[in-house]
Amino acid sequence: MMKIKTNKSILYVYVFTISLLLSYMTMTSSFHIFNFIALTFVFMAFYVLLISFFKIDRQMKWRGAYNFQTVSCAILATLLSCWTTISFVGSLNELEKFKTIYYVITAILVIAMALLNYFILLNVYQNKSVSKTVLPKRSIVFRILTVSGLVTSNLVCFVAYYPGIMMTDSLWQWQQLKTNVYSNVQPVMNTMIIKLCMQLWNSVASYALLQNVLYIFTMSWIFIYFYERVSRRSSKCLIIGLLVLAIISPFSPIMNQFITKDSLSASIGLILTFLIYRMLVQPNLLESKFFPLTVFIIVFLFSGLRTNSLIAFVAFEIVFLACHHSRMFFRWHSVAFLAIMLELLVTGPFYKSMNVQPSDPSESFGVPTQILAAVYDSNGNISAKERNSMLKILPDVQWRQLYSPYSVDSIKFAPGSAYNRDYISHHLTNLTMMTLKLALKNPRIALKAYYNQTRPFWKVNVGSYNPFGSYDARAANFTTVPGREASYLRNGHVVNYRIPSWIDDMYGHSPVKIHSLYVQFSSFIYRQKLTQVVSFPATIFILSMWLLSISVVSSKWSLVMSQVLPIMIFGTLIIAIPAQQFRYYDPFYWNFELLVLAFVFEHDCIDNFINSKNDKLV
């Protein structure tokens, strides 16, 4: 192995050039000097932070021979550079005059970024260090500041949006808890929790309060845990910086005011991911009585609060069992199995006894619907048999009229839409296979349709976007909803019932001035191009991929394995559920904070806490 002393100035000039190009390509036609300078600084700061954190600028190690590690680093570096470039650069439609220059700059950017990424990953792998021994040390000041900061930010938002933000999903659950006619279209477990909250305090604000309290507890627990177990001053500063961002960002506090399943399930999922990581770092926790019981309760709640959660957890458990099947983890697998069995018992016989209507299988057909619509609208290669099947889903005219490249809701929920959910539900497997065949026959159309529908996952530069811009208007539409007659089928007989009206006035309103000021505050933050770029879902996924890539090449397998569950949840969204609204990304934003904290911890003094019996769960 050859060691080469690096010239810091040349290295940072190289980083600055890449940051400059990436910032320029991100700005595209809407060029503003302030945003351009700010983005350049952010991109450069990211690379400088990585280089300085791993002390790569001191010396470069170069391995001449090709082996598994070097090839892995090259593959990861290429993926990171391509994904970053595709996500951040603008649209060809905006730069048609400069198309040739655009392609040249893009090619240069991909190659230059790939070389820098490879250089960083290879040196991270080769510069493995051993941490010094540092025992956990309580910090009363940090604990007080963490809890008080999170309480303040969430309390202000709770008051500003009191009694909570109602949406279509909220009204479905409202009618269920008021009529005792349940449907698993919205998880019944979540409806029951809302009902229990309203038994304690007859206001939907009680559920919003529960979400705020659980979020504050979870985040405080995680931040305090990692802060008190790192030794480097730089690590502590990074944790404090992340905490400040969590406090001042309006995203999480606003999400906690939605009377939906999203925030509650995200908090439970975050706790479960954290427990998985703790268990991998300290397997001795499984010997206690409190930890397995906590895992059992959290797994049960997690599996029942979203329709895709049980599938994601079972998939994670299969992977985890394949990797960790020793006697040491027998308690974990036993507890997980019991929690899954209890969940199946509840959603099976117990729900049947309550006459719970099953969830609509067609909800998982959102992305395939978009692919079918794109192929049909583009007059793609479709056989007569496939066309007949498609016309049973939607008439010919509506396939063309209702198709929108960026949202399947125009097909599913447009007034007058003949979208045949019953046909989809009864032929889901056949229709899925038909979609796959059509995608193979029309790969370009299908890939473009899939990309457009799921672009928040992959694309940052999609123009101005305020994640909460439409929610205030939508919430205003649900302040008063008149009662109506409804019916359902029970044992072959039609049962009629009345859904009571929803009147927001019965629970009071937030102070108008506080609400107005908070809306102005959140709008101001999300109007900034820098905020949009940094906080967009695709940016979070790129940064997560960066941290996981570094963890893989540096053999931080506890961190990697703990992220398998979020990856499984991510997989259920990109395969079937057309997640366009920001509330679907709630779990990934919060998990990213956990990922950063665990990453800093792993590269600080992780070795000192493995199997430490003095380090308790809380």
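This text goes through a predicted model, from the chain as a whole to some of its helices and two of its residues.

The protein chain has 618 residues, of which 53% count as buried. Its secondary structure comprises 29 helices and 6 strands. Among contacts with a separation of 6 or more, 81% are between residues 24 or more positions apart.

A loop between helix H6 (168–179) and helix H7 (188–200) contains Asn 184. Its relative accessibility is 17%, so Asn 184 counts as buried, the cut-off being under 20%. A polar atom of the Asn 184 side chain lies 3.1 Å from the backbone nitrogen of Val 188, and residue 188 is where helix H7 begins. Beyond its neighbours within four places in sequence, Asn 184 is in contact with Thr 307 and Tyr 351, and also with Val 356, Gln 357, Pro 358 and Ser 359.

Helix H7 also meets helix H12, which covers residues 290–305. The two axes come within 7 Å and cross at roughly 110°. This angle falls in the range of 65 to 115 degrees, and H7 and H12 are therefore roughly perpendicular to each other. On the H7 side the contact involves Met 189, Asn 190 and Ile 193; on the H12 side it involves Phe 300, Leu 301, Gly 304 and Leu 305. By class, this contact between H7 and H12 has 5 nonpolar and 2 polar residues, and no charged ones.

Further along the chain, helix H15 (residues 366–377) contains Tyr 376. At 2% relative accessibility, Tyr 376 counts as buried because the value is under 20%. Leaving out residues up to four places away in sequence, Tyr 376 touches Ile 382, Arg 387, Met 390, Leu 391, Asp 396, Trp 399 and Arg 400. With one of these, Asp 396, there is a polar contact from side chain to side chain, at 2.4 Å. Ile 445 is 69 residues from Tyr 376 along the chain, and the C-alpha atoms of the two are separated by 9.8 Å.

The last element considered here is helix H29, which runs over residues 586–602. From its first C-alpha to its last, this helix of 17 residues reaches 24 Å, close to the 24 Å expected at 1.5 Å a residue. How many of the residues of H29 are buried? The count is 17 of the 17, so H29 is largely enclosed by the rest of the structure.

How values were computed: Residues numbered from 1 in each chain as written. Predicted model: local features only at pLDDT ≥ 70, side-chain atom pairs only at ≥ 80, totals over all residues. Heavy atoms only, no water. Helix = DSSP H or I, 4+ residues; strand = E, 2+ residues; numbered from the N terminus. Buried < 20%, exposed > 50% of the residue type's maximum accessible area, 1.4 Å probe, protein only. Polar contact = N/O pair within 3.5 Å; in protein donor to acceptor, adjacent residues only side chain to side chain. Contact = heavy atoms within 4.5 Å. Expected span 1.5 Å × (residues − 1). Axes fitted to C-alpha atoms, helices over the stretch in contact; angles between N-to-C directions. Parallel < 35°, antiparallel > 145°, perpendicular 65-115°, else oblique. Nonpolar A, V, L, I, M, F, W, Y, C, P; charged D, E, K, R; others polar.
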